[in-house]
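Let's take a walk through this protein model, stopping at a few spots worth a closer look. Have the structure open beside you as you read.

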Amino acid sequence: MNIINLDSDKQIITLQGSHSTYAINIYNRNLPMHLHWGARLSLVTSKLFNPSIERAFLIRARDRDTSFFIEDMKCEYGFAENGDFRIPAFRIRDGRNYPITGPFELDVHLYQGKQEIIGLPSARVQAGEHIQTVDVRMYDRISGLLISMSYTMFPEHDAVTRHVSFLNQGDSPIRIEKAASLSMDMSNLGYELLYLHGAWARERQLLRRELQPGTISFGSTRGTSSHQFSPAFAIVSPETTEFKGEAFGFSLIYSGNFLAELELNQDANIRINLGIHPDTFEWQLGPGQRFDTPEAVMVYADDGLNGMSRRFHNFFKERIIPPQFSGKERPVLFNNWEATYFDFNETVLEELADTAADLGVELFVLDDGWFEGRNSDRSSLGDWSEDPEKLPHGLKSLAEHMENRGLQFGLWVEPEMVSHNSSLAKRHPEWHISNPDRPVAEGRNQLVLDLSRSEVCDFIVETMDGLLSSAPIRYMKWDMNRYLTNVAAIHLPAAQQGEVYHRYVLGLYQVLDEISRRHPEVLFEGCAGGGGRFDPGMLYYMPQYWTSDNTDAISRIRIQYGTSIFFPPITMGAHVSEVPNHQVGRTTSLEIRGHVAMSGNLGYELDLRNLDSDELETIRKQIVFYKKYRTLLQFGRFVRLESPFESTDAAWMFIHPDMDEFIFFWFRLQADANRTAPKIKLAYLDPDTVYLEKERMLEYTGSELMNLGILLTPPMHDYASLRLVFQRRNP
Ligand code: GLA
């Protein structure tokens, strides 16, 4: 059966998902117009996408053609100029610096499979898999520019991926000033925008707001996708809840500067653009050259935000993260950062490792401070050899000690950076990003290596390869602790200075691609001062990400809840840490810290030497529990039940893939007097199954749990939590 249908008579392209349809109409045989994205339509025959009525001040794109006015139309790739005054998807100039605005000659090409985007991460398709792609190609005869928009439908996820390529088939250079990965217009039905905002240690806070006439935009010009905004958002109906209603989700598979724009115009049309941020981007396209935008993913759900998240989670798990990790259980780790910071030596590490191993930890991660002279964040980045004072027997011996204790060994690195006073900076003062005429700007006392230079990328690959080959290192935490500033590149000509930010990201992807090709078995965890680059582009190489430097359980409830709108819990590094918490000073029980951390990818990051035997026993039990239910917690369906952004309580659950078991978590962020017992309705259970709640030995049917809910008797204090395991009776 075709996933994509081409009605050449009516010039309609229909992409069919399991519960959704995306349809494009080629108007007048040369304009790609948006026809429909939403509920599944069995057949799309209509050409009635908004017919134009002649109105004052509308501009005719073609002489005397009164059949349409571009500003009136729903476009598939918002045109610049030409009578469309909405925010354009692209801005491109020909050799004379004139804007390229069409008209374009158009053709449509349908094929099996999906082309790889060279140099950029994109959704993975297996050889021989029944997947179809359609390219809508627009050719500009005047400049020789061929713009090709690719659409691939992944029916099981109701996901459409989109990307655009630009090929200069003319004789003169072309300048790309803006090139969104996706652009689309839709009629406004009172929609709201849902997106994630934040800051360092406060990432991915959920925000929902009405669309009003005018433009809302958010993005990053920091060189990374940023702590402040995620390259992901959704358009939702006002009545959409976690459980019902329409949600249109968008996400960009990219880790650099991005811009999301939503414009509600005079005619209640919403234009949506998502792509590389044009303020920090420009690209010279010489004759014969091609430029590819990053890929964007769009997901449609008619069953609420949980429905949208389920599709994104499965998509990222099955199509984005490295395939060798998509079904692989992740180890329980111990990380020494908050336990010791820079102050450790081999004896301390081995002591911590011995206790961690006794508690059931499976992976020991040695964080920052292990390399020569690194006793604070003021030095040594770039010089990746072990510190002889802290590690007199070297990394290999330490890793072997861990292995002998039954622990895998993992290592922290920050390969994109260089400290001012490092020997690397002395050897290659030209390797960091800076403007040679301006003062150098430092963030966290460090400079960013210029990954737009191939020799820098080669250095990183060889150095990291050398490290990984020098000792049994099974895991690498790849950190990135400052944004890019003063971006200029002495090795590029004037006309290409606008390319540096994007070339940096391309360099990074090339490095990650090569290292993971050489070491496919190494588990990478991404990090950028916590979750400053937590995006699908990084997940393509790194199946898990350090969600936030904020390890406080209460802050984490919000951070992890917000993150889960798009990203599955298995991708979220989540650690139990010390109290009072190092970021917010709050004291919470080990129990709630455990409940929050095991709702992500469980780890411990505290000084085990300071814990008493009761605390150690609690941790031991948490790890036993986690391992017992690891399949459920790492691969089950995650369902949000109550939002910490709307209440002082929060709840979520994980349902085993085979539906036999589920675990329910409830949290109280703040206690109040005189409250009734919380009653939470569960969701997505088999209505006729009888489930046994194992702690209280109570039985419920799925339909009772979903319609009447469970009544909770929480402890009466701030920061309380409950964890209940339910099992199908007589499975
Ligand atoms: C960043 C990371 C932390 C830790 C430190 C080490 O802040 O997010 O987890 O690794 O760097 O310097």
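C457 is buried, with just 3% relative accessible area. Keep in mind that we're looking at a predicted model here. Another cysteine, C75, is tucked away too: its relative accessible area is 1%, so it falls under the 20% cut-off for buried. How many disulfides does a search of the whole structure find? The count comes out at zero.

**Around the ligand**

Now move over to the ligand. There are 13 residues around it, and the ones that come nearest are D367, D368, R444, K477 and D549. Sorted by character, that shell has six charged residues, four nonpolar ones and three polar ones. Some of the side chains have a polar atom within a few ångströms of a ligand oxygen, as the table shows.

| Side chain | Distance from an N or O atom of the side chain to a ligand oxygen |
|---|---|
| D367 | 2.6 Å |
| K477 | 2.8 Å |
| R444 | 2.9 Å |

How much of the ligand's accessible area does the protein cover? On its own the ligand has 310 Å² of it, and the protein covers 95% of that.

**Rings meeting rings**

Next up: aromatic side chains. The structure holds 48 aromatic pairs. Take W384 and W412, whose ring centres are 6.4 Å apart; their planes sit at 55 degrees, so this pair counts as tilted. Where do the two partners sit? W384 is in the loop between β22 (363-366) and α5 (394-404), while W412 belongs to strand β23 (residues 408-413), so the pair ties together parts that are 28 residues apart in sequence. Both of these tryptophans are buried.

F662 and Y691 make another pair, and this one is edge-to-face, with 5.1 Å from centre to centre and 75 degrees between the planes. Here the partners come from two strands: F662 from β33 (residues 661-668) and Y691 from β35 (residues 690-693), so the pair links parts 29 residues apart in sequence. F662 and Y691 are buried as well.

Ring pairs can also join up into something bigger than a couple. In this model they link Y22, W37, Y151, Y191, Y195, F218, F229, F233, F248, F250 and Y300 into a cluster.

**Two buried residues and a buried helix**

Is M417 buried or exposed? Its relative accessibility is 0%, so M417 counts as buried. You'll find M417 in strand β24 (residues 417-419). Along the chain, M417 and D479 are 62 residues apart, and in space their C-alpha atoms are separated by 9.3 Å.

S309 has a relative accessible area of 0% too, so it is buried. Look for S309 in helix α1 (residues 304-320). Compare its position with that of R86: S309 and R86 are 223 residues apart in sequence, and their C-alpha atoms are 30 Å apart in space.

Last stop: helix α10, which covers residues 553-563. Why can we call this helix largely enclosed by the rest of the structure? It's because ten of its eleven residues are buried. Among those buried residues are A553, I554, S555 and R556, along with Y561, G562 and T563.

Definitions and conventions: Residues are numbered from 1 along each chain as its sequence is written. This is a predicted model: local features need pLDDT of at least 70, side-chain atom pairs count only at pLDDT 80 or more; totals for chains, interfaces and linings use all residues. Side-chain values use heavy atoms; hydrogens and water are left out. A disulfide is a pair of cysteine sulfur atoms within 2.5 Å. Buried means under 20% relative accessible area, exposed over 50%, partly exposed in between (1.4 Å probe, protein chains only). A residue is near a molecule or strand if one of its heavy atoms lies within 4 Å of it. A polar contact is a pair of N or O atoms within 3.5 Å; within protein, one must be able to donate a hydrogen and the other to accept it, and residues adjacent in sequence count only if both atoms are side-chain atoms. Accessible areas come from the Shrake-Rupley method with a 1.4 Å probe; for residues, only the protein chains shown count as cover. Ala, Val, Leu, Ile, Met, Phe, Trp, Tyr, Cys and Pro count as nonpolar, Asp, Glu, Lys and Arg as charged, and the others, Gly among them, as polar. Rings of Phe, Tyr and Trp (its six-membered ring) pair if their centres lie within 6.5 Å; planes under 30 degrees apart count as stacked, over 60 as edge-to-face and the rest as tilted. Helices (H or I, at least four residues) and strands (E, at least two) are DSSP runs, numbered from the N terminus.
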